[in-house]
Amino acid sequence: MTEIDSAATMRAISQHVLGGPEVLTEVQLPQPVPGPGQILVRVRAAGLNPTDWFHRAIPGLFLPEPPFVLGWDVSGEVAAVGIGVTLFRPGDEVFGMLPYPGGHGACAEYTVGPARAFARKPAVLDHVQAAAIPLAALTAWQALVDVAALGPGQRVLIHAAAGGVGHFAVQIAKARGAYVIGTASAPYHAFLHGIGADEVIDYRSTDVAEAVSAVDVVLDSVDDDNSVRSLRTLRPGGRLVTLRAMGPRDLATEADALGVRAVRMLVEHDRAGMAALAGLVEAGTLRPTIAGTFPLSEAAKAHALGDTGRTVGKLVLTVP
Ligand SMILES: NC(=O)c1ccc[n+]([C@@H]2O[C@H](COP(=O)([O-])OP(=O)(O)OC[C@H]3O[C@@H](n4cnc5c(N)ncnc54)[C@H](OP(=O)(O)O)[C@@H]3O)[C@@H](O)[C@H]2O)c1
């Protein structure tokens with residue numbers, strides 16, 4: 001346990017009401033104090049995800065009423081450790097995803113989370129690159145590896161392959177020896193071939209469900225209708241994983257009727273997954289693409305860009 005100044009304050013991006021990017025305001029808050037098993041991290045960069053724009057604006061998702069500080073993705077230095085922490089000590093450089101959804105609070109100079117939500121930051125990444133990875137890449141890892149058990153020689157269809165999750169999913173699938181088919185609009189095809197996609201389909205001009213067949217795994221994040229259409233691209237016994245954790249269709253039953261499987265998933269903080277991602281980074285097979293960086297004070301600008309849903313790769317806030 002490190003001595004903590006309980007009177008210390010920090011800059012954070014908070015909001016008192018739900019709404020557009022303009023509701024985000026910079027405030028001074030007390031620095032959090034790490035509880036047992038937790039670490040206090042001096043945030044150097046905070047990665048953003050669609051869940052940040054959703055929770056900023058939409059009531060009734062996973063968080064109580066504001067005020068709150070959003071942000072789940074962190075890269076920084078350990079500033080203090082709570083009782084019983086053995087994995088890290090002050091000064092260690094770490095990256096990780098705060099527990100989703102309740103552990104938010106990365107968009108600040110300091111944040112706390114369980115030590116086991118973090119891994120050591122690979123030295124080959126700077127803090128911006130490291131903060132771009134956790135939530136999106138853990139989602140891709142858990143979907144493809146933990147849920148779908150994607151293996152060498154298998155064929156995988158990755159929807160929205162140029163997005164935050166998608167571009168990590170392409171790289172993770174290639175690292176596992178799979179044949180990768182990605183969907184994206186035409187301007188992003190060269191990017192996707194560049195990170196290893198074997199085939200890229202323009203979903204705007206092509207009926208993907210007609211063009212693709214006999215895949216072992218589908219990763220979808222678009223919507224339930226897209227998932228239902230994609231079930232027909234699976235070989236018998238194939239698996240679809242959707243990142244739409246809730247939705248209007250009974251996907252499991254519709255999949256069952258076709259002799260395939262469909263699963264909804266929600267990302268979880270995951271030390272083993274973070275270690276696996278760090279291993280891929282160190283092996284040179286996983287790199288984030290940065291769509292844009294903004295200083296913490298300009299979080300609203302980053303959110304406005306995120307709201308478009310048209311970014312390639314990841315948006316990251318820097319916390320100098
Ligand atoms: N369940 C979970 O735990 C979990 C975790 C992470 C993310 N998610 C969800 O997964 C979704 C994707 O997340 P993300 O971080 O990858 O978002 P993102 O980075 O904002 O995704 C943007 C990308 O989506 C593409 N896109 C949009 N509509 C498409 C369509 N109909 N077909 C193919 N591509 C399309 C866009 O490319 P174009 O410009 O070519 O359309 C763009 O490159 C979000 O809804 C997010 O909330 C869920």
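How many of the 14 residues of α3 are buried? The count is twelve, so to speak of α3 as mostly covered is fair. Welcome to this predicted model, a protein chain with ten helices and 16 strands and a ligand with 25 residues around it. The points below go from the whole chain to the ligand, and then to a few details of the backbone.

**The chain as a whole**

- The protein chain has 320 residues, and 54% of them count as buried.
- Its radius of gyration is 20 Å, which agrees with the value near 20 Å that a compact globule of 320 residues would have.
- Along the principal axes, the C-alpha atoms of the protein chain fill a box of roughly 60 × 40 × 35 Å.
- An unreviewed UniProt entry places the feature "domain: Enoyl reductase (ER)" at residues 19-317.
- That span, residues 19-317, is 28% helix and 27% strand, and its end C-alpha atoms lie 20 Å apart.

**Around the ligand**

- Of the 25 residues that surround the ligand, the closest are Gly164, Ser185, Tyr203, Met265 and Val267.
- Sorted by class, this shell holds 14 nonpolar, eight polar and three charged residues.
- Three helices, α1 (50-57), α3 (134-147) and α4 (164-175), each supply at least two residues of the shell.
- Valine 267 has a polar backbone atom 2.7 Å from an oxygen atom of the ligand.
- Threonine 311 also offers a polar backbone atom, which is 3.2 Å from an oxygen atom of the ligand.
- With arginine 244 the contact comes from the side chain: one of its polar atoms lies 3.4 Å from an oxygen atom of the ligand.
- The ligand taken alone exposes 920 Å², and the protein buries 87% of that.

**A closer look at α3**

- α3 (134-147) is one of the helices that supply at least two residues of the shell around the ligand.
- The buried residues of α3 include Pro134, Leu135, Trp141, Leu144 and Val145.
- Thr139 and Gln142 of α3 are buried too.
- After α3 comes alanine 149, whose phi is positive, near 50°.

**Backbone details to look for**

- Most residues other than glycine have a negative phi, and most peptide bonds are trans, so the exceptions are worth finding in the structure.
- Alanine 149 sits in the loop between α3 and β9 (155-158), and its positive phi occurs in a residue other than glycine.
- Alanine 214 likewise has a positive phi, near 55°, and is found in the loop between α6 (208-211) and β12 (215-220).
- Alanine 214 counts as partly exposed because its relative accessibility is 43%, which falls between the 20% limit for buried and the 50% limit for exposed.
- A cis peptide bond, with omega about 15°, joins proline 66 and proline 67; proline 67 belongs to the loop between α1 and β4 (68-69).
- Another cis peptide bond runs from tyrosine 100 to proline 101, with omega near 5°.
- Proline 101 lies in the loop between β6 (93-97) and β7 (110-114).

Notes. Residues numbered from 1 in each chain as written. Predicted model: local features only at pLDDT ≥ 70, side-chain atom pairs only at ≥ 80, totals over all residues. Heavy atoms only, no water. Near = heavy atom within 4 Å. Polar contact = N/O pair within 3.5 Å; in protein donor to acceptor, adjacent residues only side chain to side chain. Areas by Shrake-Rupley, 256 points an atom, 1.4 Å probe, with all protein chains shown as cover. Helix = DSSP H or I, 4+ residues; strand = E, 2+ residues; numbered from the N terminus. Nonpolar A, V, L, I, M, F, W, Y, C, P; charged D, E, K, R; others polar. UniProt positions renumbered as here; feature names shortened; annotations may be inferred. Rg over C-alpha atoms; globule rule 2.2 N^0.38 Å. Buried < 20%, exposed > 50% of the residue type's maximum accessible area, 1.4 Å probe, protein only.
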